[in-house]
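This report introduces a protein chain to a reader who has not seen it before. It begins with one residue, then turns to the whole chain and to a few further sites.

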Amino acid sequence: QFPTPIHQWNLPNLPEGTEVWIKRDDLSGMQLSGNKVRKLEFLLSDAVAQGADCVITVGGIQSNHCRATAVAAKYLNLDCYLILRTSKLLVDQDPGLVGNLLVERLLGAHIDLVSKEEYGKIGSVALADLLKKRLLEEGRKPYVIPVGGSNSLGTWGYIEAVRELEQQIQLSGDVQFDDIVVACGSGGTIAGLALGSKLSSLKAKVHAFSVCDDPEYFYDYVQGLIDGLQSGLDSHDIVSIQNAKGLGYAMNTAEELKFVKDIATATGIVLDPVYSGKGAYAMLKDMADNPSKWKGRKVLFVHTGGLLGLYDKVDQMSSLAGSWRRMDLEESVPRKDGTGKMF
Ligand SMILES: *Cc1c(COP(=O)(O)O)cnc(C)c1O
């Protein structure tokens with residue numbers, strides 16, 4: 001559902017004169033929501049062009065990328081195979097229907113579970129290759145999409161998003177952004193935004209907050225992606241990457257989850273716990289620690305989606321959630337609408 005909306009985001013405690021706006025890539029669809037659909041537009045086009053009859057991809061147990069891939073693949077009448085990473089304790093059990101898994105399983109995606117240890121030892125590329133080999137032996141035509149859809153082809157998704165943004169700015173006439181802020185997981189989104197911003201009229205500074213690996217890893221990874229597009233640029237010159245990993249990928253402190261809850265209550269924006277929540281948390285912390293760096297700037301935060309991932313955190317969030325009560329019906333209240341309905 002493009003272009004995704006942009007609006008001002010009235011976050012509390014911003015430095016003097018700083019404005020934060022938000023680009024709602026969480027509204028790029030419902031089942032297809034989030035940033036991955038932008039990459040999949042290019043990747044699945046390639047799959048169809050190559051005559052594939054199924055796709056394989058890889059991710060964590062609550063991967064938004066795997067869910068979006070399953071949806072988009074079915075739209076194109078492609079079968080979908082997902083290799084999902086989970087804990088050693090859960091790898092031999094039914095993974096259940098929480099969050100992204102509900103969508104994937106309703107769509108009939110084929111799910112192979114691997115443990116974190118197996119994943120760490122074998123790696124995503126060899127795991128996908130193994131499944132590809134098995135499907136080829138069955139006479140299928142599989143197309144492999146890398147983790148997060150982050151290869152050079154997928155990077156076009158966010159180069160295209162910058163073009164969309166440029167047009168939105170031209171149409172609205174007033175808003176020019178100094179900075180773009182986004183969470184970073186597999187690296188394709190920041191590679192596209194950084195390259196797009198550099199090559200377009202936008203020239204906004206791109207800030208990435210990494211939620212899994214260290215910044216050095218991502219400078220190298222983004223370098224590979226933009227080298228694959230013959231950009232001739234150095235990743236260090238087009239993006240600034242900071243660590244926002246916290247306890248580790250997809251793991252949250254109580255403080256981070258309270259932040260997600262407080263921002264929802266204060267602004268109506270529901271962030272996801274794994275990416276945009278950690279990204280916004282780290283951005284506001286950086287603004288508080290280094291106000292002179294952000295003072296007076298117009299910042300665009302890209303909300304990359306991931307709402308379904310919150311369902312995996314309900315136990316950890318229950319003590320933070322809003323209040324409720326039994327409605328007081330002590331006084332007698334006469335009915336005002338007609339009877340005869342079921343309730
Ligand atoms: C995958 C994902 C990201 C990170 O994007 P990458 O291109 O993998 O770096 C951010 N937010 C959400 C909700 C995601 O699912």
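Is Asn13 buried or exposed? Asn13 is exposed, with a relative accessible area of 75%; exposed means over 50%, buried under 20%, and partly exposed in between, with a 1.4 Å probe and protein chains only. The model is predicted, so local features need pLDDT of at least 70 and side-chain atom pairs count only at pLDDT 80 or more, while totals for chains, interfaces and linings use all residues. Residues are numbered from 1 along each chain as its sequence is written, and side-chain values use heavy atoms, with hydrogens and water left out.

**The whole chain**

The protein chain has 13 helices and ten strands; these are DSSP runs numbered from the N terminus, helices being H or I with at least four residues and strands E with at least two. Its radius of gyration is 22 Å, close to the 20 Å that the globule rule gives for 343 residues, so the chain is as compact as a globular protein of that length. That radius is taken over C-alpha atoms, and the rule is 2.2 Å times the number of residues to the power 0.38. Along the principal axes, the C-alpha trace spans about 70 × 55 × 40 Å. Of the 343 residues, 49% count as buried.

**Two buried sites**

Thr57 belongs to strand β3, residues 54-60, and counts as buried at 0% relative accessibility. Its side chain reaches the backbone oxygen of Ile145 at 2.7 Å. Leaving aside neighbours within four places in sequence, the residues in contact with Thr57 (heavy atoms within 4.5 Å) include His65, Tyr81 and Pro146.

Ser150 sits in the loop between β6 (142-144) and α6 (152-172). Ser150 is also buried, with a relative accessible area of 1%. Lys39 is 111 residues away along the chain, yet the C-alpha atoms of Ser150 and Lys39 are separated by 7.7 Å. Not counting residues up to four places away in sequence, Ser150 touches Lys39, Ser186, Gly187, Gly188, Tyr221 and Leu225.

**Backbone features**

A cis peptide bond joins Phe2 and Pro3, with omega about -5°. Pro3 is found in the segment before β1 (6-8). Two residues other than glycine have a positive phi, as tabulated here.

| Residue | Phi | Place | Relative accessible area |
|---|---|---|---|
| Asn13 | near 60° | loop between β1 and β2 (19-24) | 75%, exposed |
| Gln230 | near 50° | loop between α8 (215-227) and α9 (235-238) | 70%, exposed |

How values were computed: A polar contact is a pair of N or O atoms within 3.5 Å; within protein, one must be able to donate a hydrogen and the other to accept it, and residues adjacent in sequence count only if both atoms are side-chain atoms.
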